Amino acid sequence: MTEAVRLSLEPFLGWPLVWALAALTIGAWICYFFLRGRAWLTRAVSLLVVSAALINPTLVHEEREPLPSVAALILDRSESMQFGERDEAAAAAYEALKAKLAEDPSLEVRTLETSPGDDGTYLYSALEGLMADVPRDRIAGAIMVTDGQVHDLPDPAKTQGIIGPLHGLIAGDENLGDRRIEIVNAPNFGIVGETANLVVRAEDPRGGTIDLDISLNGGTPERVRVETGKDTAVPIEIERRGENMVVIEAPPGPEELTLANNRTATSIAGVRDRLRVLLVTGKPNQAGRVWRDLLKSDPSVDLVHFTILRPPFKVDYARPDELALIEFPTEELFEQKLTEFDLIIFDQYERQGVITQAYLANMSRYVADGGALLIVAGEQFAGPASLARSPLASVLPASPTGVIRTGEFVPQLTAPGKRHAVTAPLDGQSWGGWMRYIEADAVAGDVLMAGPNGRPLLIVDRVSKGRVGMLMSDQIWLWAGGYDGGGPFAELIRRVVHWMMKEPELEERRLALTIEGGQAKIELRTLLDAAPPLEVQTPEGDVMTPRWSPAGPGTFVAEAPVEELGIYRARSGGLEAIALSGPENPKEYANLESTTAVIEPVAQATGGGVFRLNETGSNIPDVRRVSAGQKNAAGANWLGLRERGAYAVRSSTSQGLLPGILAAGALMLFLLLAWRREGR
């Protein structure tokens, strides 16, 4: 405890009224003076006595308890501190400073270690939280032990309110560089089949040009040469609806702190503009209207439907103008605009001379280049005019045997069909029967549904870049009509069509990787009974091998811990999946170089200093206490913490210096002297 005496002014009337009365009396005295009043001096003394009495001067005796000044010491534990020997040097300096500051009894030290899992280094926010309950007149200063990459420092031009003096102790070798890649601009969505522009930027301490590998949805990477330090636009073709994962990778550079920021990724949502479908019906049949109504009911489908009513070789007495039909535009559809269609459906079509062999060859190339073809076989498919005896045979997954079976049968899912994403949700349902089956042998692809005697009924296959489906019966319209209880006609056809449109949710062999809650969740869909081994690669290149657990027919799941920001890769059985932990451009990996340039402006604005640590963190500067009014609180080899001199008053007594009786007596005395002077 210490004792102190101070003078306190406690006016009776409040300061605003006191100042108002003072202004009036001073004005009156000035008028009196210029009117040559004789007692101007004694009246001035009288006014001073009245003023002193009104402001009530008091002598206060206090017992004060000194309060320690408060300093903050913060250690950066962000991910960028894990490179090189930064964390060891910073930890050594932090412990040494903590021990040194603890030796000063007039200083309260508050310490904090930041969380390593944050995306970014937010030391100043941590400092404000640490000192939130400390009055500003008790703050001695703050010391940050970091690599210099701090992402939330205040504007140094606005020094008012900044906690200071702020000092920085920088760990890490300033001469080590790092190559990194970042996505400057990426569209949120793109139209399937069209191109979206992605803007990337490569940074390298040595400059020059580098080659980037850019892959889409785990496909074959495309190599693009870019100049470092400049934004480069890269065209990306959106290949499917839903998520399209773009991965950009750069090879290791001459100087590297980590390879985690040599790759980055972004997701672009694919939106299908319109699905253009060409439906060719070989002859009027009961299923034709069902197919047409189903496709027309979907607002996202543009349907072009042709039914061949009279082939060229048919002889009848009707003139062409009496039929009121257009000529079949074969050249326009199968030569000029073939590639504009997303899907072509042949419903019970046979070679009748309408579509020539050359056009069918064009269609084979169309499928190989990425198109989709669905064959709904009728009786004609078993005969000599079958499409299986045309250039289309090279892309068809089944070949007819020439046998047409009649009689009721109920379609059944095969073992692969119970695992395939197209038909697996239909398992367990009861279906009505069909009456006709075109017998065929499967020569490729996957048989999802079986007909009589287990023969192939629904076959799907991948042909180069395209896809083909075959339904070996023309009786699916019975399901649509509700015969014998019906069946999932619309759902089955929609799922087959969406599989042919390469919807990722319907892929039969699919590896999916998602990251949430610190866990990587991997799901494998396969037609095999057992799952191939799984590998998960971390952003730093380490490999984890979690075990699969069965989750249903053809479905397996696994989990692995996620501790780093960046891109994780899962590989199993030739499939690859990619997921991003954290944002596309993590702040922690945006710049890993150790630097003093970030903290220095704020340190100088608050009177602090920035010091670089050696490899062991042993060269910490001396700590000195400086006065509260000293502007500069740092030197070449020392840092200063201000001595605030704060205290708490434990007890106090007061004594008035001008009691009322004494003030009244003095006032009367000076007024009598003034009257006497004026009466002469």
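Q: Given that helices (H or I, at least four residues) and strands (E, at least two) are DSSP runs numbered from the N terminus, which helix supplies the largest share of the lining of the second largest cavity?
A: H11 does, with four residues. The model is predicted: local features need pLDDT of at least 70 and side-chain atom pairs count only at pLDDT 80 or more, while totals for chains, interfaces and linings use all residues. Residues are numbered from 1 along each chain as its sequence is written, and side-chain values use heavy atoms, without hydrogens and water.

Q: What makes a space a cavity?
A: On a 1 Å grid over the protein atoms alone, a cavity is a set of points where a 1.4 Å probe fits but cannot get out; its lining residues have an atom within 4 Å of a point. Five cavities of 30 Å³ or more are counted, and the second largest has a volume of about 100 Å³. Its lining includes Leu275, Asp298 and Arg494. Helix H5 (286–296) and helix H11 (489–500) each give two or more residues to this lining.

Q: Why are E25 and E26 said to pair?
A: Pairing requires at least two bridges found by DSSP. Seven bridges join E25 to strand E26 (residues 519–525), so the two strands qualify as a pair, and they run antiparallel. One bridge sets arginine 510 against arginine 525 in E26.

Q: What makes strands E25 and E29 edge strands?
A: The open sheet has four strands in the order E25-E26-E30-E29, with antiparallel pairing. Strand E25 (510–516) and strand E29 (549–552) each pair on one side only.

Key
1 Å grid on protein atoms, 1.4 Å probe; cavity = no way out; pocket = protein on both sides within 12 Å on 5 of 7 lines; lining within 4 Å. Points joined across faces, edges and corners; volume = space filled by probe spheres on them.
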